[in-house]
Amino acid sequence: MKNEKQRQQINGVEVTKEWVDGIPVIYAEPAEPQPERRLALFLSGLGGKKEELVSYLSDIADRGFIALAFDLYQHGERGTAQDDVKARVFTNMRRYGWPVLGQTILDVERVIDWAVGNLEVVPQIRMGGISMGGDITICAAGIDSRIKRGAPIIATPDWLRPGMYDLFRPDRILDPGTPDRYASFFYEQFNPITHLERYANCPPMCLILGAEDNHIPPENAERFRSELAGLYPEAADRLVFHYVTGTPSNHMDIIARRNEWWEGLLDWWLI
């Protein structure tokens, strides 16, 4: 039953699964009661699913937070076995990727509303995510004042993604495709770098960037901070960049080298 609360073990981590307005969520809770119930929302990258994040959720719960993940729009239990969403998006990033971003941003609002009302968490949310989950984090931080600290990992604030090379063919620049009107609506509403006014009071964010990432080049985040500094210098100062250097440090390599940056990010993020 989709409306039933279920406790389950995933890779040795105990989580609770619930459905929130048709959105499947899982969350891990701290082992010991805390003075207040605090929430950290963490999202996967393109093609990922919430169950793949349980080790991250476990680490977050160990820091005293309720750690919650949900499937992005058209992902995991919200997708179909016949549809490889990652492959489809890379055939036309703008037409198929922008709706995934936009619809999931709307879902972030629904899930936070639900968590505040049903999990009784304080409305001072930490949010982070990997790749596309980080893109969503950056956007949500500009539209929801309940998000107090952000941790976008190998993410971009520019949905046009200039300089983006193919994830499957890293020697070939990716054709971003052409959006239809449906996809363009989400870009026009949510693209962070064209809505800098939303970041005048943005929360602190620490962006983990690959120094040699040619799929999500760090120049995109650097340009966002530079343009923000011209309008809201104090807001730009709240954006902290951590570069993962050395070889290899391309897009997927950053995730594989998690032990080099994850614990430090938790120290900064979950305070």
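**View A. Buried residues of helix H6.** In H6, the buried residues (under 20% relative accessible area, 1.4 Å probe, protein chains only) include Pro218, Asn220, Ala221, Phe224 and Leu228. Seen down the helix axis, the buried residues of H6 fall within an arc of 160 degrees, taken from the directions from the axis to the C-beta atoms, so they line one face of the helix. The face turned away from that side carries Ser226 and Gly230, which are exposed (over 50%). The buried residues pack against strand S8 (205–210), helix H7 (233–237) and strand S9 (239–244), with contact meaning heavy atoms within 4.5 Å. Helices (H or I, at least four residues) and strands (E, at least two) are DSSP runs, numbered from the N terminus.

The model is predicted: local features need pLDDT of at least 70, side-chain atom pairs count only at pLDDT 80 or more, and totals for chains, interfaces and linings use all residues. Residues are numbered from 1 along each chain as its sequence is written, and side-chain values use heavy atoms, leaving out hydrogens and water.

**View B. Surroundings of asparagine 92.** Asparagine 92 lies in the loop between helix H2 (85–91) and helix H3 (93–119). Asparagine 92 counts as buried because its relative accessibility is 13%. Beyond its neighbours within four places in sequence, asparagine 92 is in contact with Gly97, Pro176, Gly177 and Thr178.

**View C. The largest nonpolar core.** This set of buried Ala, Val, Leu, Ile, Met, Phe, Trp, Tyr and Cys residues is joined through side-chain atoms within 4.5 Å. Of its 59 residues, Val25, Leu68, Phe70, Val108 and Ile136 touch the most other members. H3 supplies the largest share, eleven residues.
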